[in-house]
Amino acid sequence: MTSDRIEDFERSAHAHETSTVRTVADEFEQALSAAVVPPAVGASFPLDGISVSMDITTEPSPEQIREAQTGVTPAGLGIAEYGTIAIQSRTAGDEPISLYPERHVAVLCASDIVPRMSDAVEWLETEIDAGHDSVVFATGPSATGDMGALVRGVHGPKEVHIIVVTDR
């Protein structure tokens with residue numbers, strides 16, 4: 001993983017009003033704590049060496065998701081040219097946790113950042129072959145201009161923050 005790819009990802013994410021922070025696994029809890037607005041719900045992390053001990057409700061009920069200010073999920077992939085993240089559909093509830101709370105905090109391993117969308121398509125083909133057939137590609141906060149003025153948070157979070165873990 002080159003730092004140029006991480007920088008390209010961050011620059012693209014910032015262009016879409018998404019904040020980012022880099023950290024290492026040993027400092028992950030601090031980065032997460034700074035990013036979360038309680039109450040928070042979260043999906044489990046399938047990332048070696050990364051755990052969450054702060055007060056984040058995992059396996060939340062629909063009501064807890066609806067009342068949460070922050071949803072925390074892992075991201076399966078980042079696309080540098082767009083600052084896009086891929087949220088995989090897992091039984092841990094990644095998709096609704098990433099979409100319903102007003103703030104989404106995504107955790108992305110730097111090694112999972114690819115340069116271009118064509119690389120993401122190759123990754124998606126591998127995911128589908130492995131039986132993972134649902135992924136949400138998200139670029140920045142939810143926004144629509146369908147009603148005239150730009151409105152944020154209509155179809156997803158109003159704020160997106162990405163924690164890039166550089167030693168995984």
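**Two sheets and their cores**

Me: Which residues does Val 72 touch, leaving out those up to four places away in sequence?
Reply: Quick caveat: this is a predicted model, where local features need pLDDT of at least 70 and side-chain atom pairs count only at pLDDT 80 or more, while totals for chains, interfaces and linings use all residues. Residues are numbered from 1 along each chain as its sequence is written, and side-chain values use heavy atoms, with hydrogens and water left out. Counting a contact as heavy atoms within 4.5 Å, Val 72 touches Leu 32, Val 36, Val 41, Gly 42, Ala 43, Phe 45, Ile 56, Ile 97, Val 105 and Val 107.

Me: And which element gives the largest share of the largest nonpolar core?
Reply: A core here is a set of buried Ala, Val, Leu, Ile, Met, Phe, Trp, Tyr and Cys residues joined through side-chain atoms within 4.5 Å, with buried meaning under 20% relative accessible area (1.4 Å probe, protein chains only). This one has 17 residues, and Val 72 is among those with the most contacts inside it, along with Phe 28, Leu 32, Val 107 and Ile 163. H2, E7 and E12 each put in at least two residues. The largest share, 4 residues, comes from H2.

Me: In which order do the strands of the 6-stranded sheet run?
Reply: Helices (H or I, at least four residues) and strands (E, at least two) are DSSP runs numbered from the N terminus, and two strands pair if DSSP finds at least two bridges between them. The pairing is parallel in this open sheet, and its edges are E1 (19–23) and E3 (57–58). Across the sheet the order is E1-E12-E7-E4-E2-E3.

Me: What is the bridge partner of Val 107 in E12?
Reply: E7 (103–109) and E12 (159–165) run parallel and are joined by 7 bridges. Within E12, Val 107 is partnered by Ile 163.

Me: At about what angle does H2 run to E12?
Reply: Axes are lines fitted to C-alpha atoms, for helices over the stretch in contact, with angles from 0 to 180 degrees between N-to-C directions. H2 (28–35) lies across E1, E4 (70–74), E7 and E12. Its angle to E12 is about 175°.

Me: Over in the 4-stranded sheet, which residue stands opposite Val 135?
Reply: That open sheet is mixed, in the order E8-E5-E6-E9, and Val 135 is in E9 (135–138). E6 (84–88) pairs with E9 in the antiparallel sense over 4 bridges. Opposite Val 135 stands Gln 88.

Methods: Buried means under 20% relative accessible area, exposed over 50%, partly exposed in between (1.4 Å probe, protein chains only).
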